[in-house]
Amino acid sequence: MRRSKEILVLFALLVCAIVAVSWYVIDRRARLRAAPPARPAAVQPAPPVDLTKHDGKTIDFSSGQPVVKDSPEDRAAIAAALKDMEEATQETTFGPPKKKDEPPEKK
């Protein structure tokens, strides 16, 4: 008999825990639905950069604002990248697609 009373007490505690957690979840969802949506802080748009005036220069956005840079290191990196691209595409050609042979007709 003693075991059955312990089981009943543990079962009652389990039911109470389930009810408490369910009530908390339902209440929290209701509060989140009733609250107005959080709005992010206003972000100031970066001033536009005219790309036609800055040929061969780099534009750095790491600070959040566009900063035009023209250093010898950047020019060397651009020249090396152009050289690598030309070497990679040197043997690449695009011709007309090859025609597949028509399958023989069935008799």
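## Fold, extent and salt bridges of a predicted model

Read from the N terminus, the protein runs through its elements in the order α-β-β-α. That makes 2 helices and 2 strands. The radius of gyration is 35 Å, whereas the globule rule gives 13 Å for 107 residues, so the protein is more spread out than a compact globule. The C-alpha trace extends about 90 × 70 × 30 Å along its principal axes.

The model is predicted. Its pLDDT averages 84 over the protein, and 93% of the residues score at least 70. Among the elements, helix 1 (residues 2–34) has the highest mean pLDDT, at 93. The lowest mean, 84, belongs to strand 1 (residues 58–60). Where pLDDT is low, the predicted coordinates should not be read in detail.

**Surface and charge**

Of the 107 residues, 2% count as buried. The accessible surface of the protein amounts to about 11100 Å². Carbon and sulfur atoms account for 62% of that surface. The protein carries 18 positive and 15 negative charges, and the mean positions of the two sets lie 19 Å apart.

**Salt bridges**

The count of salt bridges in the protein comes to 3. They are listed below with the N to O distance and the relative accessible area of each partner.

| Positive residue | Negative residue | N to O distance |
|---|---|---|
| Arg31 (59%) | Asp27 (25%) | 3.3 Å |
| Lys69 (37%) | Asp60 (23%) | 3.1 Å |
| Arg75 (46%) | Asp70 (40%) | 2.8 Å |

The pair Arg31 and Asp27 belongs to helix 1, where the two residues are 4 positions apart and hence separated by about one helical turn. Arg31 counts as exposed because its relative accessibility, 59%, is over the 50% cut-off. Its partner Asp27, at 25%, is partly exposed.

In the bridge between Lys69 and Asp60, the side chains meet at 3.1 Å, N to O. Lys69 is partly exposed, with a relative accessible area of 37%. Asp60 also counts as partly exposed, at 23%; this value is not under 20%, so Asp60 is not classed as buried.

Arg75 bridges to Asp70, with the closest N and O atoms 2.8 Å apart. Arg75 has 46% relative accessibility and counts as partly exposed. Asp70 is partly exposed as well, its relative accessible area being 40%.

Note on methods: Residues numbered from 1 in each chain as written. Predicted model: local features only at pLDDT ≥ 70, side-chain atom pairs only at ≥ 80, totals over all residues. Heavy atoms only, no water. pLDDT = per-residue confidence, 0-100. Rg over C-alpha atoms; globule rule 2.2 N^0.38 Å. Buried < 20%, exposed > 50% of the residue type's maximum accessible area, 1.4 Å probe, protein only. Areas by Shrake-Rupley, 256 points an atom, 1.4 Å probe, with all protein chains shown as cover. Lys, Arg positive; Asp, Glu negative; His and termini not counted. Charge placed at Lys NZ, Arg CZ, Asp CG, Glu CD. Salt bridge = Lys/Arg side-chain N within 4 Å of Asp/Glu carboxyl O.
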